[in-house]
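Please open the model in your viewer and keep the sequence panel beside it. The tour below suggests what to select at each stop and says what is found there.

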Amino acid sequence: MTFQFPRSKTARWAIFGGVLIACLWIMLRLPPDVSGLILAGLIIGSVAAAGVATRGLRWPPAALWQDERTAPRLVGLACGLFALSAYFFRPMPQSFVHYRPTPEPEVFYHPLAPWLFAAGVIALLLALVQRRRDLVRVPVAAGPLPGVRWWTLVPLTLGTLALFALAEINGRLAGSTFLEGRSPEVQFGLLVIGVALVTIGLAGIDWRRQIGAVAWGEVALVSTITLAALLIRLWRLDASVRTLIDEGHFLFGVTYFWEFPDVRLLEPMQTTASFPFIFSYGQAWAVEALGRNLGAVRLPSAVCGALTVPALYVLARTLFGRTTALAAALILAGFPPHLHYSRLALNNIADPLF
């Protein structure tokens, strides 16, 4: 009696799903190091088995790679993996502490979380590569396809390295002694530089040509609206609301920069509002410059609120045109809910900006 593998797609997918669930169930009940090694072995083994099974064919298979539905499916897979990763990144019971120092990173999340995130990144990158092939597919008579320009890879690589260094300072996952204990100033610099360079690299914009195409009249108009939005948010900032509205958590975060020279900006504050220290870092600089008053700690909120006006203008202009963008900027400049949160020392106002 010989075993024959089922030929129907339903049976094959059922067997595949059962094996996958069994592997995940086993890994969830093993120590993190062991489960990580098993997962790496499964990935390498799967790639090797696929290579053997498709020898003589192009990898990935041409029919699958040229299918226009492959990119949306990969994006859907990436979204699912990111959602699972976010779920497993939820705070573990051991992480609910209110003292310093905080526990090591492994008690903050489930060990499967970073693996799911990495798998989602891989799926998303494959979708981008496949989508790029669809967009640049031209007739043969048009000549060779343009390659990736080096000046887009340089800022992307440098920005990724900067963000990795920031993550290592805060997470200490690689155990680097060189990056350990870096000051908040260094961390904030890595954050700003990393985000800026990654954005420039992914955008792939030739900034040398864009500078010459700037409509300076439009820039002046948006700058005027932004300045008006800032002045509205600064008017009687320290006296109009004379009590704290959930702002004490961030004031508590400011005091950390007075006591500890090595505060990790991405570490959650030890309060019921366990946000990172990033927003409190900006408030600490404002207090250092303007003194210990409500106006100083609320200044970063006013600045973030005002900067959201040109950010919204650029977004609306790209999607709908200048007229809609101008209307959106004018409305947001005096929009009461946005104006209210722009005048409180809460980090919620930074979310719509980014």
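Of the 354 residues of the chain, what percentage count as buried? The share that counts as buried is 30%, and, as with every value on this tour, that figure is computed from a predicted model. If you colour the chain by secondary structure, you will find 15 helices and zero strands. Switching on a surface shows an accessible area of about 22,900 Å², of which 71% belongs to carbon and sulfur atoms. Among contacts in the chain with a separation of 6 or more, 66% are made by residues 24 or more positions apart.

**First stop: the largest nonpolar core**

Select Phe-250, Phe-257, Val-263, Leu-265, Phe-277, Phe-279 and Cys-304, which are the residues that touch the most other members of the largest nonpolar core, a set of 17 residues. At least two residues of this core come from each of α10 (248-259), α11 (278-290) and α15 (350-353), and α10 gives the most, with four residues. Now centre the view on Phe-277 and show what surrounds it: leaving aside residues up to four places away in sequence, Phe-277 touches Gly-253, Tyr-256, Phe-257, Val-263, Arg-264, Leu-265, Glu-267, Pro-268, Met-269 and Gln-270. Apart from this core lies another one, of eleven residues, which include Ile-225, Ala-229, Ala-328 and Ala-329.

Two of the neighbours of Phe-277, Arg-264 and Glu-267, deserve a selection of their own, as their side chains meet in a salt bridge with an N to O distance of 2.7 Å. Both Arg-264 and Glu-267 are buried.

**Second stop: helix α13**

Next, select residues 322-333, the twelve residues of helix α13, and place a distance label between the end C-alpha atoms, which are 16 Å apart; this agrees with the 16 Å that the helix should span at 1.5 Å a residue. Which residues of α13 are buried? They are Ala-325, Ala-328, Ala-329, Leu-332 and Ala-333, and if you turn the view to look down the axis of α13, these buried residues fall within an arc of 130°, so they line one face of the helix. The general background is that an α-helix has 3.6 residues a turn, so residues three or four places apart point the same way. On the other side of α13, Thr-323, Leu-330 and Ile-331 are exposed. To see what the buried residues of α13 pack against, add α9 (216-234), α12 (294-319) and α14 (336-341) to the selection.

**Third stop: the salt bridges**

How many salt bridges does a search of the whole structure find? It finds four. Select Arg-317 and Glu-218, which form a salt bridge with their closest N and O atoms 2.6 Å apart; this pair links distant parts of the chain, since Arg-317 is in helix α12 and Glu-218 in helix α9, 99 residues apart. Arg-317 counts as partly exposed because its relative accessibility is 34%, whereas Glu-218, at 15%, counts as buried. Adding Arg-322 to the selection completes a network of salt bridges that links Glu-218, Arg-317 and Arg-322.

Finally, move to Arg-298 and Glu-247, whose salt bridge has its closest N and O atoms 2.9 Å apart. Arg-298 lies in helix α12 and Glu-247 in the loop between α9 and α10, so the pair ties together parts that are 51 residues apart in sequence. Arg-298, at 0% relative accessibility, counts as buried, and Glu-247, at 1%, counts as buried too.

Key: Residues are numbered from 1 along each chain as its sequence is written. This is a predicted model: local features need pLDDT of at least 70, side-chain atom pairs count only at pLDDT 80 or more; totals for chains, interfaces and linings use all residues. Side-chain values use heavy atoms; hydrogens and water are left out. A nonpolar core is a set of buried Ala, Val, Leu, Ile, Met, Phe, Trp, Tyr and Cys residues joined through side-chain atoms within 4.5 Å. Buried means under 20% relative accessible area, exposed over 50%, partly exposed in between (1.4 Å probe, protein chains only). Contact means heavy atoms within 4.5 Å. The expected span of a helix is 1.5 Å times one less than its number of residues. The arc is that of the directions from the helix axis to the C-beta atoms. Accessible areas come from the Shrake-Rupley method with a 1.4 Å probe; for residues, only the protein chains shown count as cover.
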